[in-house]
Amino acid sequence: MFTSFKDIIRVCEERSLPFWKAVLLDDCRESDISEEASFEKMKSIYLAMKESDANYDPNLRSASKMVGRDAEKLRLYQQDHQMLCGGFSSRVMVRALRVAESNACMKRIVAAPTAGSCGVMPAVLVTVQEARGLSDEEMTRALYVASGIGGIIAARASLAGAEGGCQAEIGSASAMAAGAAVYLSGGDEHAIADSCAMALSNLMGLVCDPVAGLVEVPCVKRNVIGAMNAISSADLALAGIRSQIPADEVVDAMKSVGHMMAPQLRETGQGGLAATPTGQRLCQELMEEK
Amino acid sequence: MNIFDIVGPVMVGPSSSHTAGAVKIGNVCRKLFGEEIRAAEIYLHGSFAATGKGHGTDRALVAGLLGLSVDDERIPDSFALAGEQGMDVSFHTISLGEDAHPNSAKIIMHGEEGRSMEAVGASLGGGRIVIDEIDGLRVNFSGEFPTVIIHNVDQPGHVAEVTSMLQHKSINIATMQLYRTGRGGHAVMVIECDQEVPRQSLEWLSKLEGVEKVGYYSPN
């Protein structure tokens, strides 16, 4: 896998390849499979992503009862009101909640890059597909873009909240979705890298502070901000706005910020919102239930 | 790791590191043990200990030991399933030291005839894992490749025997690691391969003089 944006951009330029194709060819070489086999596999992942959205059950609640039914609440509100966010963005928000709630309710989802952040990519991608009438094949290419980006972050930093805080999960998902959205809107490899740099910069330092240690509060709603940050970062990059700090350096900074985070802020459920009086009370109540 | 670990896996929630990764650690341990597990002592470290219960890590590890896959919707019910299949499970908290990954578990498995095996695994995020220790010896493999684990007496020639066998079967080595307790003591070879290793070749290896045990893990 590629370990830097610099490398992937160099390959794109030297061989006149689009970003997604550079990632695809690299995977074929490394995994020793044909382009067709790799593409089919990636397409099945995209279809599973769409399914995770379609299979949302508005009646489900998580075992802790802290999460569930909010996506439906937002959808009904969106139906009857002129939302501040507007049509496209509000649909992105609803989808992010749908998929993230499904995950908390132990339904089948696609970890992208993690389960806690599984709502970000489908929220952005499925909504773009719907708005622009794109084929599943084009969406599959966008997934290659996203996976190439995630691979770079995994190699240089981390995708685990326990290591890097929420910036490693929602932040990474947001960067992956931003890059994919830039591709789908006709942006080149430089715009893709810039959108990632901005998406990661905006969420840098985000801590992992799950109440009662569950992937529910605040994780589900952070999928919404991850998705919204992705589309705004994508639009910034598509407008030609550059990140002053190159994407690779942003990822390196994210790694170092993760190392500076106290363990209480890295998925141990001991800091941030988890440590608030209400967070503690919810945790206590759940423990007593068991 | 490849791109399908980044976008993927398709899995049952809620956590790729604490649920899917835990299932995989259980899967790899089950295959390494190579026989039905009658009892398992599971020790949770770090974040696994702090938030494991909330993420279903305990149920996921047991699901993995039972051989369920990460997208199997029976994962939440694994304790009941273990009961039905006659597998006793106990949970404990442990500190594996500062160097251990926060998402680590140590699993001691016991078989039908008193054989037991101990392994330490860590979940690295996104469902990827690493096995750090087998029977007290440090190792390092991902469970993504067919992997041969050979316990032998530390004496000249064993590496050559194993690599010649692999060459003879046209099997390419992806990574290879050697560990030993001390000169002439107990040694372990961990070899990740690009192709599957045939059963009869593994049996042949296990009969060689000085070879104490041959373990094999296939991701497929």
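**A buried threonine, two sheets and a chain interface in a predicted two-chain model**

B:Thr57 is buried, because 29 other C-beta atoms lie within 10 Å, and the threshold for burial is 20 or more. The model in which this residue is described is a predicted one. B:Thr57 belongs to helix α4 of chain B, which covers residues 57-65. When neighbours within four places in sequence are set aside, the contacts of B:Thr57 are B:His18, B:Thr19, B:Ala22, B:Leu44, B:Phe48 and B:Gly52. B:Ser15 is separated from B:Thr57 by 42 residues in sequence, while the C-alpha atoms of B:Thr57 and B:Ser15 are 8.7 Å apart.

The helix that carries B:Thr57, α4(B), lies across three strands of chain B, namely β2 (39-45), β3 and β4 (103-110). With respect to β2(B), α4(B) runs at about 140°. These strands are part of an open sheet of 6 strands in chain B, ordered β3-β2-β4-β5-β6-β7, in which the pairing is mixed. The edges of the sheet are occupied by β3 (88-93) and β7 (137-141) of chain B; each has a single partner strand, and therefore one side of each is left without a neighbour in the sheet. On average, neighbouring strands of this sheet are turned by 25° against each other, direction ignored. Within the sheet, strand β5 of chain B (residues 116-125) and strand β6 of chain B (residues 128-134) run antiparallel and are joined by 6 bridges. B:Ala119 has B:Ile134 of β6(B) as its bridge partner.

Chain B is divided into two domains, domain 1 (3-141) and domain 2 (147-217). A distance of 25 Å separates the C-alpha centres of domain 1 and domain 2 of chain B. To the contact between them, domain 1 of chain B contributes 10 residues and domain 2 of chain B contributes 9 residues. On the side of domain 1 of chain B that touches domain 2 of chain B, the elements giving two or more residues are α2 (16-33) and β7 of chain B. Of these, β7(B) gives the most, with 5 residues. The edge strand β7(B) of the mixed sheet is thus named again at the domain contact. By class, this side of domain 1 of chain B comprises 6 nonpolar, 2 polar and 2 charged residues.

A further open sheet in chain B has 4 strands in the order β9-β10-β8-β11, and its pairing is antiparallel. Here the edge positions are taken by β9 (173-180) and β11 (211-217) of chain B, each with a single partner strand, so that one side of each is left without a neighbour in the sheet. The twist from one strand to the next averages 15°. Strand β8 of chain B (residues 147-153) is joined to β11(B) by 6 bridges, and the two run antiparallel; B:Ile149 stands opposite B:Gly215 in β11(B). Helix α7 of chain B (residues 199-206) packs on this sheet and touches β8 and β11 of chain B. The direction of this helix makes about 160° with that of β11(B).

Between the chains, 39 residues of chain A are in contact with 32 residues of chain B. On the side of chain A that touches chain B, two or more residues each come from α2 (19-31), α3 (35-54), α5 (86-104), β1 (108-110), α7 (136-156) and α8 (161-164) of chain A. The largest share of this side, 6 residues, is provided by α7(A). The side of chain A that touches chain B contains 21 nonpolar, 11 polar and 7 charged residues. Strand pairing also links the two chains: β1(A) and strand β1 of chain B (residues 10-12) run antiparallel and are joined by 3 bridges. In this pairing, the bridge partner of A:Val110 is B:Val10 of β1(B).

The largest nonpolar core has 165 residues, of which A:Val124, A:Val145, A:Ala177, A:Ala180 and A:Ala181 touch the most other members. Helix α9 of chain A (residues 170-184) gives the most to this core, with 11 residues. From chain B, at least three residues of the core are drawn from each of domain 1 (3-141) and domain 2 (147-217). Neighbours within four places in sequence aside, A:Val145 is in contact with A:Phe19, A:Trp20, A:Val23, A:Gly179, A:Ala180, A:Tyr183 and A:Ile192.

How values were computed
Residues numbered from 1 in each chain as written. Chains lettered and ligands numbered in written order. Predicted model: local features only at pLDDT ≥ 70, side-chain atom pairs only at ≥ 80, totals over all residues. Contact = placed C-beta atoms within 7 Å. Nonpolar A, V, L, I, M, F, W, Y, C, P; charged D, E, K, R; others polar. Pairing = 2+ DSSP bridges. Buried ≥ 20, exposed ≤ 12 C-beta atoms within 10 Å, placed from the backbone. Axes fitted to C-alpha atoms, helices over the stretch in contact; angles between N-to-C directions. Core = buried A, V, L, I, M, F, W, Y, C linked by C-beta atoms within 7 Å. Domains from an automatic or database assignment.
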